[in-house]
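User: I have a new model open on my bench computer and would like to understand the words used to describe it. Could you take me through them?

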Amino acid sequence: MTAVQRTEQALLVLEDGRVFRGRSYGAIGTALGEAVFSTGMSGYQETLTDPSYAGQIIVQTFPHIGNTGVNDEDAESSRIWAAGYVVREAARIPSNWRAQRTLDEELINGDVVGIQQVDTRALTRHLREAGAMKSGIFSGEAATAPIEELVKSVNEQPSMEGANLSALVSTKQAYIVEPADHGFDGEVKYTVAAIDLGMKAMTPHRFAERGVRVHVLPHDASFEDVTATGAHGVFFSNGPGDPATATVQVELVRQVLDAKIPYFGICFGNQILGRALGYGTYKLRFGHRGINQPVLDKATGKVEITSQNHGFAVDAPREGAANAPLDRFGRVEVSHISLNDGVVEGLYCLDIPAFSVQYHPEAASGPHDASHLFDRFITNMAAAKNTAATTTDSTQGEK
Ligand SMILES: NC(=O)CC[C@H](N)C(=O)O
């Protein structure tokens, strides 16, 4: 592993004209995206390769990044999806027995432009007050242009509000994740159809290790594609972009709910369930990103420390059960709320087998407090399977 001292000048430019100066990190050139901060103290490899970060420039609040290098096992997808990367101090020499490359090399290999030596505390305070905003990193030749020109190009990029990024990150082809390949050697009893809107690799793994076969389907899968898999339940993944643009997916979820097929959604999948039920979604000022986000489970009163990465949220009433705006779906409860700011972190349907969370129970990286939600989904699938079996038996009996 080579330790390179980087000396090229780099600039981080925000849409409001504020400029932070630093040194280059990773690839040299220009990166445009929405500047957001993440409070995770570890797990930078998983963060960078999480497809939900497409179109975003990540600012790490933890001041020393790259300490444990990068390995071939911890990536959450086949590439870095973050549009750019901002750190205070980049580790020059990683130290970990699993490290295979430096993070600097990995950013260069992925052609991801970064910046180091930035006062990330000042930057985070600014984003916290002013909100996530359009930004750009410019290094090498690109950093020599007049600041007004850089601010202009930052402002000309499309906004995250209204962005539909599912086609960009989703698998082009359906594929199957087999429990046997994930350490499970029992009988496979359940099949899940997982709609990939930018799914992290750990998610199908969490199903497979519990003996659930996962048919991963592209973002535009139809209801027929879903039923053709013989799925006992339908899962919608995390993913980048504005949930207000997920019209195709919202329609599919409504068909799934109408058919009373068990549904489980994570993050984008929570926002899509919210919209399918008739609620709106809105953009948060600066979002929740990190692996130390406290959430209250209202049913048990327990607090889960969770992994999160979202800039939008569902707008639903937080007190008690109420009929969904589309009342054919019956009663809905906001099941989880953020203990930092009261934002909706989960939805639970009382009359149909559907629930979702805004955070990441697959936890890669992050604490495993919420992994029991995968078991809850399996319980819902078991109940639906039993009901189907009983109905079939009694119909046969009547004949
Ligand atoms: N991780 C996710 O699924 C993010 C969902 C959505 N793109 C948001 O920013 O809120």
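Analyst:
**Domains, a helix and a ligand pocket**
The protein chain of this predicted model is divided into domain 1 (9–156) and domain 2 (166–389). Taken over C-alpha atoms, the centres of domain 1 and domain 2 are 29 Å apart.

User: What makes residues of domain 1 count as being in contact with domain 2, and how many are there?

Analyst: The test is a C-beta to C-beta distance within 7 Å. By that test, 21 residues of domain 1 are in contact with 22 residues of domain 2. On the domain 1 side, the elements giving two or more residues are β3 (30–38) and α3 (120–130), and β3 gives the most, with 3 residues. By class, this side of domain 1 has 8 nonpolar, 9 polar and 4 charged residues.

User: How do you know that the buried residues of α3 line one face of the helix?

Analyst: Start with the residues themselves: Thr120, Leu123, Thr124 and Leu127 are buried. Seen down the axis of α3, they fall within an arc of 95°, so they line one face. In general, an α-helix has 3.6 residues a turn, so residues three or four places apart point the same way. The other side of α3 carries the exposed residues Arg121, Ala122, Arg125 and Glu129.

User: What do the buried residues of α3 pack against?

Analyst: Their partners are β2 (19–26), β3, β4 (56–60), β6 (84–86) and β15 (280–297). Just after α3, Gly131 takes a positive phi of about 95°.

User: Now to the annotations. Which residues does UniProt list for "active site", and why say that they gather at one spot?

Analyst: The unreviewed UniProt entry lists Cys267, His360 and Glu362. They span 96 residues in sequence, yet no two of their C-alpha atoms are more than 11.1 Å apart, so they gather at one spot.

User: Why is Cys267 called buried?

Analyst: A residue needs 20 or more other C-beta atoms within 10 Å to be called buried. Cys267 has 28, so the label fits. Cys267 sits in the loop between β14 (263–266) and α9 (268–277). Leaving aside neighbours within four places in sequence, its contacts include His360, another residue of the "active site" list.

User: What makes Glu362 buried?

Analyst: Glu362 has 26 other C-beta atoms within 10 Å, set against the cut-off of 20 or more, so Glu362 is buried too. Its place is in the loop between β20 (354–357) and α10 (372–398). Beyond neighbours within four places in sequence, Glu362 is in contact with Lys200, Met202, Thr203 and Arg206.

User: Which residues surround the ligand, and how do they divide by class?

Analyst: The shell consists of Ser52, Asn238, Gly239, Pro240, Gly241, Cys267, Phe268, Asn309, His310, Gly311 and Phe312. They divide into 4 nonpolar, 7 polar and no charged. Strand β16 (residues 303–315) gives the most to this shell, with 4 residues.

User: How do you know that the "binding site" residues cluster in space?

Analyst: For "binding site", the unreviewed UniProt entry covers Ser52, Gly239, Gly241, Phe268, Gln271, Asn309, Gly311 and Phe312. They are spread over 261 residues of sequence, but the largest C-alpha distance is 13.4 Å.

User: And Phe268, buried or exposed?

Analyst: Phe268 has 29 C-beta neighbours inside 10 Å, against a cut-off of 20 or more, so Phe268 counts as buried. Phe268 is in helix α9.

Notes. Residues numbered from 1 in each chain as written. Predicted model: local features only at pLDDT ≥ 70, side-chain atom pairs only at ≥ 80, totals over all residues. Near = placed C-beta within 6 Å. Nonpolar A, V, L, I, M, F, W, Y, C, P; charged D, E, K, R; others polar. Domains from an automatic or database assignment. Contact = placed C-beta atoms within 7 Å. Buried ≥ 20, exposed ≤ 12 C-beta atoms within 10 Å, placed from the backbone. Arc of directions from axis to C-beta. UniProt positions renumbered as here; feature names shortened; annotations may be inferred.
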